[in-house]
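Take a walk through this structure, one element at a time. Keep the coordinates open as you read.

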Amino acid sequence: MYSLKEKSVVSLNINSEIKDVMIAPSDILLETLRNQLGLTGAKPGCENGDCGACTVLVDGWPVKSCLMLTVEAIGKQITTVEGLKNAPIQKAFIEKFGFQCGYCTSGFLMVCHALAAIHPNPPDVLMDDWLQSNICRCTSYEEIGNAVRAILSGEIS
């Protein structure tokens, strides 16, 4: 890390690639991903952690990137929706109609991908709890839940 006035160049592990970015201590990860790295899958929505449109994975766990400082990502593995690369959950969302307008979809994909990896056989109450971390105003959560169940049951792989 080296400094240029109040900004510093840091290296981040994004989608299994090391990327150098110039950041200020107050820069938010969402802004860094979108504005410096061109990774626009994480969406700005509420920008206060309520909607989940900005969800990324940090060391495999879903995190709202609008609430995380970029400096907190140093030394962590960050995965964006662009890094999923045809993950089964993406196919499941298509086949089970888990999206409509698409604005919230990347955040839901990240939460659902992590849920399947961390809890391969979750009870419905746990799955419902994880899905409540994101908001969709277009579709019901039933289709999204069906997409997750299709992955967990092996119907879609």
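**A helix and its packing partners**

The buried residues of α4 pack against three elements by name: β5 (61–64), α3 and α5 (141–153). This is a predicted model. Helix α4 itself covers residues 124–131, and Met127, Trp130 and Leu131 are buried in it. How do they sit around the axis? Viewed down the axis of α4, the buried residues fall within an arc of 100°, so they line one face of the helix.

Move next to α3. This helix spans residues 105–118, and Leu109 belongs to it. Is Leu109 buried or exposed? Leu109 has a relative accessible area of 7%. The cut-off for buried is under 20%, so Leu109 counts as buried. What does Leu109 touch, beyond its neighbours within four places in sequence? The contacts are Val81, Leu84, Ile89, Gln90 and Phe93. Take Val81 from that list. Along the chain, Val81 and Leu109 are 28 residues apart. In space, their C-alpha atoms are separated by 7.2 Å.

Now the strands. Strand β2 (residues 7–14) and strand β3 (residues 17–23) run antiparallel, joined by seven bridges. One pair to locate is Ser11 with its bridge partner in β3, Asp20. The two strands form a hairpin, with two residues between them. Look at Asn15 in the turn: its phi is positive, about 50°.

Strand β2 has another pairing. With strand β6 (residues 77–79), β2 pairs in the parallel sense, over two bridges. Here Asn13 stands opposite Gln77 of β6. So follow β2 both ways: it pairs antiparallel with β3 and parallel with β6.

Last, the cysteines. How many disulfides does the structure hold? The count is zero. Cys54 is in no disulfide, and its nearest cysteine sulfur, that of Cys66, lies 3.7 Å away. The cut-off for a disulfide is a sulfur pair within 2.5 Å. Cys101 is in no disulfide either; for Cys101 the nearest cysteine sulfur is that of Cys138, 3.7 Å away. What about exposure? Cys54 is buried, with a relative accessible area of 3%. Cys101 is exposed, with a relative accessible area of 57%.

Key: Residues are numbered from 1 along each chain as its sequence is written. This is a predicted model: local features need pLDDT of at least 70, side-chain atom pairs count only at pLDDT 80 or more; totals for chains, interfaces and linings use all residues. Side-chain values use heavy atoms; hydrogens and water are left out. Helices (H or I, at least four residues) and strands (E, at least two) are DSSP runs, numbered from the N terminus. Buried means under 20% relative accessible area, exposed over 50%, partly exposed in between (1.4 Å probe, protein chains only). Contact means heavy atoms within 4.5 Å. Two strands pair if DSSP finds at least two bridges between them. The arc is that of the directions from the helix axis to the C-beta atoms.
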